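Dear colleague,

I am handing over the structure we spoke about, and I would be glad if you kept it open while you read the notes underneath.

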Amino acid sequence: MLMAARKGRHLPGLMKSRTAYLLALITLLVDQATKLWALAALPGRTVPLLGNVLSLQLVRNPGAAFSLGSGSTLILTIISVVVTLGVIWALRRCESRPWALALGVILGGAIGNLIDRLVREPGFGRGHVIDFINYGGWFIGNIADIALVLGVIVLIVLELTGTPFASSASDTASGTSAPGEETAEPGAENSCDGGHRLGDDAPSSSPPREPGADRVNPDRAGESS
């Protein structure tokens, strides 16, 4: 019974994690598909979208955002692995749908760029990330970068608004109590100190007997005989 109650208590968190993993998979597929399209359609040319504000331009980035850490690709790969594992660890304990969705988007973006670092040229762990969205010359990114930024913004908003990460609502809904806690039975008050039968506190109608009243006086016994 205890194991069944614990499993039931974790079902809501499990369902939210599955939704987050599905969102991560969708983000990853969109990221990788757009990168393959960019590799095929954008080499050697720039496609304006909003004048000089937004355009498509293919680059291979050995560093992080804003081309930071261009000479530390292997270190960035290790950081990406740690971040990915950390998000997965957090999802296993998350019971909040908004938190789970935000973490799912971050997970998809992190894996998307991690795949580039693992399988792209020039080698395993040192691969260059495929970027193709040019933001007015400030930096060039991809769909995975957008997912990471949006996910982090949502996490900040959730934290500022006090949205709980692990809600106890699932425990209340399932009706299970924590180990060591006892659930009160209906009418338990009536069986404890407060419960008594009518008349228990009523005063006795017979007068109190004096000490020794029940003893037989030997002199009186002799007279009666």
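The notes below go through the sheet, then one helix, and then two buried residues.

Please bear in mind throughout that this is a predicted model.

The sheet is a convenient place to begin. Four strands make up an open sheet, in which they follow the order β1-β2-β3-β4 and their pairing is antiparallel. The edges are formed by β1 (46-48) and β4 (140-141), each of which pairs on one side only. Between strand β3, which covers residues 129-134, and β4 there are two bridges, again in the antiparallel sense, and I140 in β4 is the bridge partner of N134. As general background, the strands of a sheet pair through backbone hydrogen bonds, and they may do so in parallel or antiparallel fashion.

Next comes helix α4, which runs over residues 143-160. At 1.5 Å a residue, its 18 residues should span 26 Å, and because the C-alpha atoms at its ends are indeed 26 Å apart, the expected and the computed values agree. Five residues of α4 can be named as buried, namely A144, A147, G151, L155 and L158. When the helix is viewed down its axis, the buried residues of α4 fall within an arc of 65 degrees, so they line one face of the helix. Where α4 starts, a side-chain oxygen of N142 comes to within 3.0 Å of the backbone nitrogen of A144, while just after the helix G162 adopts a positive phi of about 75 degrees.

Two further residues, each in another helix, may also be worth locating on the model. Q32 belongs to helix α1 (residues 2-41) and, with a relative accessible area of 16%, it counts as buried, because the cut-off for that term is under 20%. The side chain of Q32 reaches the backbone oxygen of G112 at 3.1 Å, and once neighbours within four places in sequence are left aside, Q32 is in contact with G112, I115, D116 and R120.

T84, for its part, lies in helix α2 (residues 73-93) and is likewise buried, its relative accessible area being 7%. Leaving aside its neighbours within four places in sequence, T84 is in contact with L107, A110, I111 and L114. Although T84 and G108 are 24 residues apart along the chain, their C-alpha atoms are separated by 8.9 Å.

With kind regards

Methods: Residues are numbered from 1 along each chain as its sequence is written. This is a predicted model: local features need pLDDT of at least 70, side-chain atom pairs count only at pLDDT 80 or more; totals for chains, interfaces and linings use all residues. Side-chain values use heavy atoms; hydrogens and water are left out. The expected span of a helix is 1.5 Å times one less than its number of residues. Buried means under 20% relative accessible area, exposed over 50%, partly exposed in between (1.4 Å probe, protein chains only). The arc is that of the directions from the helix axis to the C-beta atoms. A polar contact is a pair of N or O atoms within 3.5 Å; within protein, one must be able to donate a hydrogen and the other to accept it, and residues adjacent in sequence count only if both atoms are side-chain atoms. Contact means heavy atoms within 4.5 Å. Two strands pair if DSSP finds at least two bridges between them.
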